[in-house]
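Biologist: Hi! Could you open the model so we can walk through it together?

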Amino acid sequence: MDDTIRRALQRRNIIDITTTGRQTGEPRRIEIVFHSFDGRTYISGMPNFRKRSWIANLETNPQFTFHFKGAVGTPVADLPATARIITDETERREVFRQIIETAWHQQDLETMVRESPLIEVTFGQLAA
């Protein structure tokens, strides 16, 4: 992974992810925000009781593609990645606390812990 991508991963940004549809096996691409803390990368969503399709897809197959889209100061790159869905309440609370402090200031911590999807991203080798 080159230094430009490493730097881009150190700040919050809008990206796309492509998961594999759990029923169709077809690629499913969505736009979403990622967050980075202490050298770790997380993807979450706003609170909602309804389970998102992207989380259901990652439950079936945790492999996905993390797409940088070339926004200002961001490289264009497709990174192979693996999702770890975070279900532990203590860990969720800590990550969401950091997300609220740095980005989503108006959100309620307990609502996010209860209702928001949350994954930690692990990257594989850089794809062209």
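Modeller: Sure, here is a short tour of the sheet, the cores and one helix residue. Keep in mind that this is a predicted model.

Biologist: Great. In what order do the strands of the barrel run?

Modeller: The order is S1-S2-S3-S6-S5-S4, a closed barrel of six strands with antiparallel pairing. On average, neighbouring strands of this sheet are turned by 45 degrees against each other, ignoring direction.

Biologist: How many bridges join S1 to S2?

Modeller: Eight, and the two strands run antiparallel. Ile-17, for example, has Ile-30 in S2 as its bridge partner. Six residues sit between the strands in that hairpin, where Gly-25 takes a positive phi near 75 degrees.

Biologist: And what about the hairpin of S2 and S3?

Modeller: That one has two residues between the strands, and Asp-38 in the turn has a positive phi of about 50 degrees. S2 and S3 are antiparallel, with four bridges. His-35 stands opposite Tyr-42 in S3.

Biologist: Which residue in S6 is the bridge partner of Tyr-42?

Modeller: Glu-120. Strand S3 (residues 40-44) pairs with strand S6 (residues 118-123) in the antiparallel sense, over four bridges.

Biologist: Switching topic: where does helix H2 lie?

Modeller: H2 (residues 53-60) lies across S1, S2, S3, S4, S5 and S6, and runs at about 50 degrees to S1.

Biologist: What is Trp-54 in contact with?

Modeller: Leaving aside neighbours within four places in sequence, Trp-54 is in contact with Ile-17, Thr-19, Ile-30, Ile-32, Ile-43, Ser-44, Pro-117 and Ile-119.

Biologist: Nice. Which residues touch the most other members of the largest nonpolar core?

Modeller: Trp-54 is one of them, along with Ile-15, Ile-43, Phe-64, Phe-66, Phe-68 and Ile-119, in a core of 20 residues. H1, S1, S2, H2, S4, S5 and S6 each give two or more residues to this core. S5 has the largest share, four residues. There is also a second, separate core of 12 residues, including Phe-37, Ile-86, Val-95 and Ile-99.

Biologist: Last one: why does Glu-94 count as partly exposed?

Modeller: Because its relative accessibility is 35%, and partly exposed lies between the 20% and 50% cut-offs. Glu-94 lies in helix H3 (residues 89-102).

Biologist: Which side chain does Glu-94 join in a polar contact?

Modeller: The side chain of Arg-97, at 2.4 Å. You could also look at Leu-109, 15 residues from Glu-94 along the chain: their C-alpha atoms are separated by 9.4 Å.

How values were computed: Residues are numbered from 1 along each chain as its sequence is written. This is a predicted model: local features need pLDDT of at least 70, side-chain atom pairs count only at pLDDT 80 or more; totals for chains, interfaces and linings use all residues. Side-chain values use heavy atoms; hydrogens and water are left out. Buried means under 20% relative accessible area, exposed over 50%, partly exposed in between (1.4 Å probe, protein chains only). A polar contact is a pair of N or O atoms within 3.5 Å; within protein, one must be able to donate a hydrogen and the other to accept it, and residues adjacent in sequence count only if both atoms are side-chain atoms. Two strands pair if DSSP finds at least two bridges between them. Axes are lines fitted to C-alpha atoms, for helices over the stretch in contact, and angles run from 0 to 180 degrees between N-to-C directions. Contact means heavy atoms within 4.5 Å. A nonpolar core is a set of buried Ala, Val, Leu, Ile, Met, Phe, Trp, Tyr and Cys residues joined through side-chain atoms within 4.5 Å.
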